[in-house]
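User: I would like the reasoning behind the labels on this model. Please set each value against its definition.

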Amino acid sequence: MSMELRVRPAVPDDLVRAAEIQRACLSRPWTADQLGDSLRRESYRLLIAEFGGVAVGTADFVLTGDYAEICNLAVLPAFRRRGVATALMTRAEEIAKEEGGASITLEVSEQNTQARAFYAALGFQAEGRRPGFYGEEAALILWKHFGASADR
Ligand SMILES: CC(C)(COP(=O)(O)OP(=O)(O)OC[C@H]1O[C@@H](n2cnc3c(N)ncnc32)[C@H](O)[C@@H]1OP(=O)(O)O)[C@@H](O)C(=O)NCCC(=O)NCCS
């Protein structure tokens, strides 16, 4: 079996698996129904990452104005640190650029050190903070601007 990494748009048959991956990774996973409802919206994109034909990661985002907002990013624990999330986010950025986007943004729990390290590695920077966004925990609002300069 090839262990090739592949990122592709989700089809309706992926919804149950995408919800399962989120359930295994996220404190507030979306259900398959929620993902399916979102998938009907033109501005919404759901990506699936596969290893050897098996879905192991997922990312979804909304294209809003001139930026893309990531809703969820999750990679199954056994498949982490192999570039799966990087491949998902790289594709999300490509799509956002293709659609005329200038930036990409998301919220991450201040205490989620692994995700913060991941986003920092990808060039995201905190531009805001929302206390109590995740119950007790604050959210950091991260942005990455696609322009040549990083001085915004
Ligand atoms: C955050 C998450 C999506 C990263 O997925 P991943 O596929 O393991 O990420 P990658 O392999 O593409 O990592 C790329 C780089 O990010 C950094 N990174 C990723 N995970 C890290 C960790 N746990 N600690 C420190 N750095 C990390 C590293 O620089 C890594 O490169 P390296 O492996 O060569 O050192 C994954 O850990 C996850 O699903 N976590 C639980 C859900 C979650 O927190 N989602 C985000 C909510 S906003």
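The turns below go through the sheet, a helix, the ligand shell and one residue.

User: What kind of model is this, and how are residues numbered?
Analyst: This is a predicted model; local features need pLDDT of at least 70, side-chain atom pairs count only at pLDDT 80 or more, and totals for chains, interfaces and linings use all residues. Residues are numbered from 1 along each chain as its sequence is written.

User: What makes β1 and β6 edge strands?
Analyst: Start with the order. Seven strands form an open sheet, β1-β2-β3-β4-β5-β7-β6, with mixed pairing. Strands are DSSP runs of E, at least two residues, and helices are runs of H or I, at least four, numbered from the N terminus. Two strands pair if DSSP finds at least two bridges between them. β1 (5-9) and β6 (125-134) each pair on one side only, and they are the edge strands.

User: How do you know that β4 and β5 pair?
Analyst: Three bridges join β4 (residues 67-75) to β5 (residues 103-109). The cut-off is at least two bridges, so the two strands pair. They run parallel. Within this pair, A68 stands opposite I104 in β5.

User: Why are the buried residues of α1 said to lie on the same side?
Analyst: The buried residues are L15, A18, I21 and Q22. They cover an arc of only 125 degrees around the axis, so they sit on the same side of α1. The arc is that of the directions from the helix axis to the C-beta atoms. What covers these residues includes α2 (32-39), β2, β3 and β4.

User: What makes a residue part of the ligand shell?
Analyst: Its C-beta atom, placed from the backbone, must lie within 6 Å of the ligand. 20 residues surround the ligand; the closest are R80, A85, T86, Q114 and A117. α4 gives the most, with five residues. β4, α3 (84-98), β5 and α4 (113-121) each supply at least two.

User: Why is E137 called partly exposed?
Analyst: E137 lies in β7 (residues 137-145). A residue is buried with 20 or more other C-beta atoms within 10 Å of its own, exposed with 12 or fewer, and partly exposed in between. E137 has 16 such neighbours, so E137 counts as partly exposed.

User: Which residues is E137 in contact with, beyond its neighbours within four places in sequence?
Analyst: S109, E110 and Q111. Contact here means C-beta atoms, placed from the backbone, within 7 Å. The C-alpha atoms of E137 and Q111 are separated by 7.2 Å, though the two residues are 26 apart along the chain.

Methods:
Contact = placed C-beta atoms within 7 Å.
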